[in-house]
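Visitor: I am new here and would like to know how the labels on this structure are earned. Could you show me around?

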Amino acid sequence: MLRAIYSYLLLIILTFDINGRPNEEEILYFVLPDRFSNGNIHNDRGFYSGTIKDHGFDPTNKGYYHGGDIEGLSNKLPYIKKLGVTAIWLAPIYKNKVLQGPPHDDSTGYHGYWTTDFYQVDPHFGTNEEFKNFVTKAHNIGLKVYLDTIINHTADIIKIEQCQTLEEPYKYCPYQYFADSLEGDNNRYRPIIFPNEPVKNPPELNDPILYNNRGDSNWYGEGSVYGDFSGLDDLDTTNPKVLKLMLEIHKFWISEFGIDGFRIDTVKHVNDSFWHQFLPEIYQFAESIGKKNFYIFGESAYPEVELLASYQKRSGFTHLLDFPFSRSSIDYLTEKISGHEFQNIFAADNVYKGGEKTVRQFPTFISNHDHGRIGHFLYKEDSFSQKVIEQKTILANVLLFTVRGVPTIYYGDEQGFVGDGWDKDAREDMFPSKVLSYVDNPTILGPSSEEDNFNEQHPLYLTISKLSELRKSSTALKYGSQKTVFASSNSGLYIFKRSSKNQTVLIGLNNSSEKWKGNLLIETNFSEIEDWHGVCSNKWDSKSKTLKNLDINSYEYFICIFE
Ligand SMILES: [Ca+2]
Ligand SMILES: [Ca+2]
Ligand SMILES: [Ca+2]
Ligand SMILES: [Ca+2]
């Protein structure tokens, strides 16, 4: 009995700790459940009968379901925890339309972005109850859970009648401007739903009146907000009914499952005023049930700081995925920009609303499920040897864990996954894969993806777990301001420091084929030096506050902690 009370109290303390933990303390791990671990082979076909086209399960096809599920993810929590991460971001798990697209190029909802039922876990992934248990299990070992969600659109169920006469109606239905379809106009696009399409939930979402029905987005101006994302039914987010439904749905996932945040998809395709109403109410709701640091980060894929900052200022989103960092890191690591050009990303932090303090809570990432993995970008360059690619991959992780922002690892990067490119080509299986185009890929510092890829001794897994430990123990890396110490305009040398009240962390990356040697003036109040990687301590002249004759080999780095 006493033991039961004790574990219950411990549970409360742990849960309390999680809710009180600020966003800057998080390290994220982004997972596609279908591609991670298959804990239950009975749900592989989602309990649909019929052929592959009905259930969508074909582990040899990169666009089909492969069998991964919540139970598998749950079984692998120790693997994720040991990597050093503190939070899991799951690709969407709502029930999806199984199959979409033209017959010769169809694909399934294995990725989760084609919602039909906002209240149910997709049967390929498991049940609501299994998800609930998963969240509890994750919380019990200190991991938060963030759910990917899509508000802009649902699965492609509604078609435009006028576009059905086109030779290939699934191809592109031209965007219809408001000015070209005035009230009572016969030309106004008419929505139709063919028989046998899946039914959406909540039931109100089956009414085409809640959608824009303006054809496919042309990606410009009004079309970008009111057009369909390649046929996906674009919700009329200006309609108060849609706002009400979305508030109810998202509150349900918070209160029912205790999730800790949302990553919200395609946010710039929703009208800004929707977010001005949605976000404060969700934050308030989460806080009212004890989620003080509920974390919402939007996906607005602007690679330019000025565009992302401008969007952040007008949309009401405090936190956005740091696409400019991702883009610039890839350019930097592939030597398209110099150290000096790279540091501009951080020098511009104050253009964001909330400045540096807020940007320190932006999720930073280099690889992702859409544009691809860093390994792919490195292999694309013919000039880099295998050795250099390995070194650069280490540099990529050093960057991710030492610059400002919340490091976000894309699953599989810790096992040296490379991929073949973007989208489906960057969504390999962690379990032994049957996709030929995956198993023929090179991997960085480890075995091929034909194998089971949960190797806790993988050099990149070990590197990341060490960097996670460093970050967790360092106030400067989580909360410190970031300043450039030296950045070369004609090479990939970039040396910067992160400073907090009790320490200065100096980080140097030499992303170039030339060894560098020089003196560095370090403005710091501390003089005890820990050489975390590389050597600073015997180069330090405390009188002149200078590191003398410091050297960094090509494609090497150092991290030194002044306390
Ligand atoms: Ca399964
Ligand atoms: Ca549609
Ligand atoms: Ca829209
Ligand atoms: Ca391949």
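**A helix and a lysine**

Guide: Let us start with α8, where P280, Q284 and S288 are exposed on the other side from its buried residues. Please keep in mind that this is a predicted model.

Visitor: Which residues of α8 are called buried?

Guide: They are F274, W275, F278, I282 and A286. A residue earns that word if 20 or more other C-beta atoms lie within 10 Å of its own.

Visitor: How do you know that the buried residues line one face of the helix?

Guide: Looking down the axis of α8, you find its buried residues within an arc of 85°, so they line one face. Those residues pack against α7 (240–257), β11 (295–298) and α9 (305–315).

Visitor: What span is expected for α8, and what does the model show?

Guide: Helix α8 covers residues 272–288, which is 17 residues. At 1.5 Å a residue, 24 Å is expected, and the 25 Å from its first C-alpha to its last is close to that. After α8 comes G290, with a positive phi near 95°.

Visitor: Now to K353: why is K353 called partly exposed?

Guide: K353 has 16 other C-beta atoms within 10 Å. Buried takes 20 or more and exposed takes 12 or fewer, so a count of 16 falls in between and K353 is partly exposed.

Visitor: Where is K353, and what does K353 touch?

Guide: K353 sits in the loop between α11 (339–347) and α12 (355–359). Leaving aside residues up to four places away in sequence, K353 touches Q312, K313 and T358.

Key:
Residues are numbered from 1 along each chain as its sequence is written. Chains are lettered from A and ligands numbered from 1 in the order in which they are written. This is a predicted model: local features need pLDDT of at least 70, side-chain atom pairs count only at pLDDT 80 or more; totals for chains, interfaces and linings use all residues. Helices (H or I, at least four residues) and strands (E, at least two) are DSSP runs, numbered from the N terminus. Two residues are in contact if their C-beta atoms, placed from the backbone, lie within 7 Å. The expected span of a helix is 1.5 Å times one less than its number of residues. The arc is that of the directions from the helix axis to the C-beta atoms.
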